[in-house]
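Here's a quick tour of a ligand site and a pocket. Have the model open while you read.

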Amino acid sequence: MEYKNLVVTIEDQIAIIKFNRPNVLNALNIETLLELEKILDELSNNDAVRVVILTGEGKAFVAGADISQMSKFNPQEARAFAQLGHRVLSKLENLDRPVIAAINGYALGGGCEIALACDLRIIAETAKIGQPEVNLGIIPGFGGTQRLARLCGAGVAKELIYTGDMISADEAYRIGLVNKVVPQDKLLDSAKEIAQKILQKGPGAIRLTKTVINRGLDSPLETAKELEIETFALCFASGEPQEGMKAFLEKRKPNWIK
Ligand code: CAA
């Protein structure tokens with residue numbers, strides 16, 4: 001798979017997608033977003049990949065939307081750009097396998113929004129994250145106002161977006177924006193370690209968990225609980241729990257159905 005703005009490697013059932021425009025701190029232009037959409041479409045049809053890691057080349061994860069490109073937009077073009085960003089990040093959020101953001105450096109604006117659309121976020125202790133759009137006279141356009149408020153609460157989201165502050169990795173951990181802070185040189189290994197742990201678990205159970213949590217969060221609580229009950233039952237139709245529980249009782253590791 002050849003991309004101009006991404007480097008994609010697949011190894012041990014883990015796909016690593018690296019944003020690769022280091023000269024502009026991996027800023028997201030339309031072309032990069034379309035490439036991200038293409039690889040997500042390809043991965044959604046590739047059963048050999050069970051976990052995805054996103055990271056960036058150089059000193060940034062992604063420093064936001066490409067300001068050179070955005071500076072020329074009229075309102076119609078801005079709407080189309082936000083629609084594209086939302087479409088691609090929804091595909092990322094709903095990819096039916098876990099996605100880990102390994103935040104190696106600046107994750108700003110659209111970069112923070114990409115991380116928010118991932119399932120888990122691990123950040124290097126030297127990285128900075130934030131939603132600085134108001135510095136440019138705009139608001140977050142790829143889901144930041146909504147996903148950040150849902151993840152960290154409206155008060156925290158409003159503070160970060162109103163001030164445009166870039167916060168440290170430790171502060172991001174304190175407010176629940178990231179799952180883990182690790183030394184820069186351990187970032188990818190830490191992400192792979194989590195991926196490896198996930199790979200040991202029932203693949204169907206992992207897929208269904210993601211769907212239930214994501215769909216449940218968008219539903220009233222009673223509907224979400226019903227969804228959990230139905231999905232719990234559905235697990236038993238796959239053969240996976242039969243193997244998982246048999247393995248437990250036989251004191252061995254499960255041999256998951258592929
Ligand atoms: N778009 C386009 N180019 C960018 C960029 C961006 N988002 N971020 C950095 N660059 C470019 C710089 O213009 C610079 O290019 P030149 O070498 O040609 O001058 C190069 O990348 C290196 O950047 P700096 O020299 O600025 O690096 P620095 O270390 O001094 O500063 C930084 C780093 C604090 C991250 C700074 O680059 C910065 O503030 N970037 C912009 C961050 C931002 O505002 N992001 C939000 C964009 S809006 C958005 O994302 C909307 C949305 O929700 C969709």
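Sort the shell around the ligand by class and you get 15 nonpolar, five polar and four charged residues. Keep in mind that this is a predicted model. In total, 24 residues surround the ligand, and the largest pocket, covered further down, has a volume of about 690 Å³.

**Around the ligand**

- Among the 24 residues that surround the ligand, the closest are Lys59, Ala65, Gly110, Glu113 and Glu133.
- Three elements each supply at least two residues of this shell: the helices α2 (67-70) and α4 (110-117), plus the strand β6 (106-108).

**Polar contacts to the ligand**

- Lys59 uses its side chain here, with an N or O atom sitting 2.7 Å from an oxygen atom of the ligand.
- Glu133 also has a polar side-chain atom in play, 2.8 Å from a ligand oxygen.
- With Ile67 it's the backbone: one of its N or O atoms lies 2.9 Å from a nitrogen atom of the ligand.
- On its own the ligand would expose 980 Å², and the protein buries 64% of that.

**The largest pocket**

- At about 690 Å³, this pocket is lined by 21 residues, and Glu93, Asp119, Ile213, Asn214 and Leu217 are the closest to its centre.
- Two or more lining residues come from each of α3 (75-94), α4, β7 (120-124), α5 (144-152) and α9 (203-217).
- Which element gives the most to the lining? That's α9, with six residues.
- By class, the lining splits into ten nonpolar, four polar and seven charged residues.
- Why does the pocket lie between domain 1 (6-199) and domain 2 (203-249)? Because both domains give residues to its lining.

How values were computed
Residues numbered from 1 in each chain as written. Predicted model: local features only at pLDDT ≥ 70, side-chain atom pairs only at ≥ 80, totals over all residues. Heavy atoms only, no water. Near = heavy atom within 4 Å. Polar contact = N/O pair within 3.5 Å; in protein donor to acceptor, adjacent residues only side chain to side chain. Areas by Shrake-Rupley, 256 points an atom, 1.4 Å probe, with all protein chains shown as cover. Helix = DSSP H or I, 4+ residues; strand = E, 2+ residues; numbered from the N terminus. Nonpolar A, V, L, I, M, F, W, Y, C, P; charged D, E, K, R; others polar. 1 Å grid on protein atoms, 1.4 Å probe; cavity = no way out; pocket = protein on both sides within 12 Å on 5 of 7 lines; lining within 4 Å. Points joined across faces, edges and corners; volume = space filled by probe spheres on them. Domains from an automatic or database assignment.
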